Amino acid sequence: MADKLTPRSENFSEWYNQLVLKAELADYAPVRGCMVVRPYGWALWENIKEALDKRFKETGHVNAAFPLFIPMSFLEKEKQHVEGFSPELAVVTHGGGKDLEEPLVVRPTSETIIGYMYSKWIKSYRDLPVLINQWGNVVRWELRTRMFLRTLEFYWQEGHTAHATEEEAREETLRMLDVYADFAINEAAVPVIKGIKSESEKFAGAVMSTTIEAMMGDTKALQSGTSHFLGQNFAKAFDIQYLDENNTLQYAWTTSWGLSTRFIGAIIMTHGDDQGLILPPRLAPIQVVIVPIFRKEAEKAAVMEAVDRVHAELKAAGVRVKVDDRDNVTPGFKFNDWELRGVPLRVEIGPKDVQKNSVALARRDMPGRAGKSFVPQEGIAATVQQMLDTIHDNLLARATAFRDSHIFDPQDYAELQETLKEGWAFSWWCGSAECEAKVKEDTKATTRCIPFEQPEGSGKCIVCGREAQQKVYFARAY
RNA sequence: CGGGGUGUGGCGCAGUUGGCAGCGCACCGCGUUUGGGACGCGGGGGUCGUCGGUUCAAGUCCGACCACCCCGACCA
């Protein structure tokens, strides 16, 4: 169950794969490219869902559920959309033992079917805005798959909104990107950069795509959430029209935004170390594990009394806590086991602690002796909660420092190529697709985003040397 | 779809010249252990990826197929 994990520094990719399996987040399914999300992984996803859902509700959104099957013809109504998605569609041609009249696409995303419904529901400016989110699964027939990062089927949330004006829809797009960034930073301790996708990187059918980009432990970039301004593209394709105050027929303006189980990959690759997973305290399914330690039966009663008392106290304070009372493995084994699983804080209670009315605390973000401290049982709940916050802050600070120390400002194209082997480049870019394509061809790195935060002035494009008005992040990406 | 690799108890693997299918881990039982991955003894578990061929005899040789993993072109 818990034999040695390949060190992260030795082989990042192998480390990731082993970790997902050993920490029991997920397992391979009998179908290529599909995964089973195991209870521990799903509990993590449930906490992600909860944190996001709360934010969606606070910003006025409601949940609904749209069907898994979409008529093939719907996908074809928006030109860019069908071009973008047709290579990766799963199509159902049979049902109930018969050929279907029209093939059904297993949704790769739901803009089309939701657009169709919105055209039925929206008649007047009084019906707007429509702010609906859906939690569900989608299928994209990817060629190359990896657990959580890219699987044929994945779980996500997709928000779909319709507005009376362009301005309002653009505001919504940015508002939800802010929600994602707030979630990533304050719940997952994953630092992200907000920005706009280039034309070649944007969502099929969008006018503008925005993204939060995070740097993984191997310095590759991961798009961790996206929010799209769809203009009137889908409104025109699906005839989403309303009468305005002046009794004039207008097309609505729509947005969509999504964050998927891929984010679990972001958490793993941002925080994990050679010992295994490190889960951010606010999302961890188990925030604190209590390991009882005793030699003889005589010691057991006193130790367990203290364990039960601390357990009850933490539970009452709302801490997600588990007592590891397995009697077939040693405490040493348990330490390693829970470290592998990324539990942020461990409480050890043994005979010495019973004597001194103390417990040993071991924080996961600081392995070994450095992360151990001995604290009184008195006021344990407050101590633990404070420690969980400290761990969150430390994880965020550490990840931010790592990222910032791997973002470079190359001075010429040769330097850019070198830079992209060991981090990101933040460079002036003229905006042309040719320059973007050249970098991709030479380095495999793509533009990740044009960040909202831009320096003053202008510069020369790192590729072609022409005048450039904006800086962009180049990086190898997942 | 191109390149590489692997299919043998749950997992990781060994299996020589074709001749009784093995080892480690995990699992079950008992006992001793328990503050950083415990130990002893005793157990259970396999139509060797599939199909076909060669042979007295195939995990092993030959052929075909299938699956999965890794690396590339596309993507949340």
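How much space lies in the largest cavity? About 70 Å³, in what is a predicted model throughout.

**View 1. The largest cavity and its lining.** The structure holds one cavity of 30 Å³ or more. Residues lining the largest cavity include Glu111, Ile114, Gly115 and Tyr118, along with His160, Thr161, Thr254 and Thr255. Leu230, Phe234 and Ile240 are also part of that lining. Look for H5, strand E8 (153–163) and E14 here, the elements that give two or more residues each. H5 gives the most, with four residues. Sorted by class, the lining comes out as five nonpolar, five polar and one charged.

**View 2. Phenylalanine 56 meets tryptophan 257.** The structure holds 15 aromatic pairs, and this view picks out one of them: phenylalanine 56 with tryptophan 257, a tilted pair at 5.1 Å centre to centre with 55° between the planes. The two rings come from distant parts of the chain, 201 residues apart. Phenylalanine 56 belongs to helix H2 (residues 39–58), while tryptophan 257 is in strand E14 (residues 253–260). Both phenylalanine 56 and tryptophan 257 are buried. Zoom out a little and you can pick up the rest of their aromatic cluster, which is made up of Trp45, Phe56, Trp135 and Trp257.

**View 3. Phenylalanine 66 and tryptophan 121.** Here the ring centres are 6.1 Å apart and the planes sit at 40°, so phenylalanine 66 and tryptophan 121 make a tilted pair. This one also links distant parts of the chain, 55 residues apart: phenylalanine 66 is in the loop between strand E3 (62–63) and strand E4 (69–71), and tryptophan 121 is in helix H5 (residues 111–121). Buried or exposed, where does phenylalanine 66 fall? Its relative accessibility is 9%, so phenylalanine 66 counts as buried. Tryptophan 121 is partly exposed, with a relative accessible area of 41%.

**View 4. Two arginines over aromatic rings.** Arginine 346 puts its charged end over the ring of phenylalanine 335, 4.1 Å from the ring centre. Arginine 341 has its charged end over the ring of tryptophan 338, 5.9 Å from that centre.

**View 5. The hairpin of E5 and E6.** Strand E5 (residues 90–95) pairs with strand E6 (residues 98–106) in the antiparallel sense, over five bridges. To find your way around, start at glycine 95, whose bridge partner in E6 is lysine 98. Two residues lie between the strands of this hairpin, and glycine 96 takes a positive phi near 60°.

Conventions: Residues are numbered from 1 along each chain as its sequence is written. Chains are lettered from A and ligands numbered from 1 in the order in which they are written. This is a predicted model: local features need pLDDT of at least 70, side-chain atom pairs count only at pLDDT 80 or more; totals for chains, interfaces and linings use all residues. Side-chain values use heavy atoms; hydrogens and water are left out. Rings of Phe, Tyr and Trp (its six-membered ring) pair if their centres lie within 6.5 Å; planes under 30 degrees apart count as stacked, over 60 as edge-to-face and the rest as tilted. Buried means under 20% relative accessible area, exposed over 50%, partly exposed in between (1.4 Å probe, protein chains only). A charge sits over a ring if NZ of Lys or CZ of Arg is within 6 Å of the ring centre and within 35 degrees of the ring normal. Two strands pair if DSSP finds at least two bridges between them. On a 1 Å grid over the protein atoms alone, a cavity is a set of points where a 1.4 Å probe fits but cannot get out, and a pocket is an open set with protein on both sides within 12 Å along at least five of seven lines; lining residues have an atom within 4 Å of a point. Grid points are joined across faces, edges and corners, and a volume is the space filled by probe spheres set on the points. Ala, Val, Leu, Ile, Met, Phe, Trp, Tyr, Cys and Pro count as nonpolar, Asp, Glu, Lys and Arg as charged, and the others, Gly among them, as polar.
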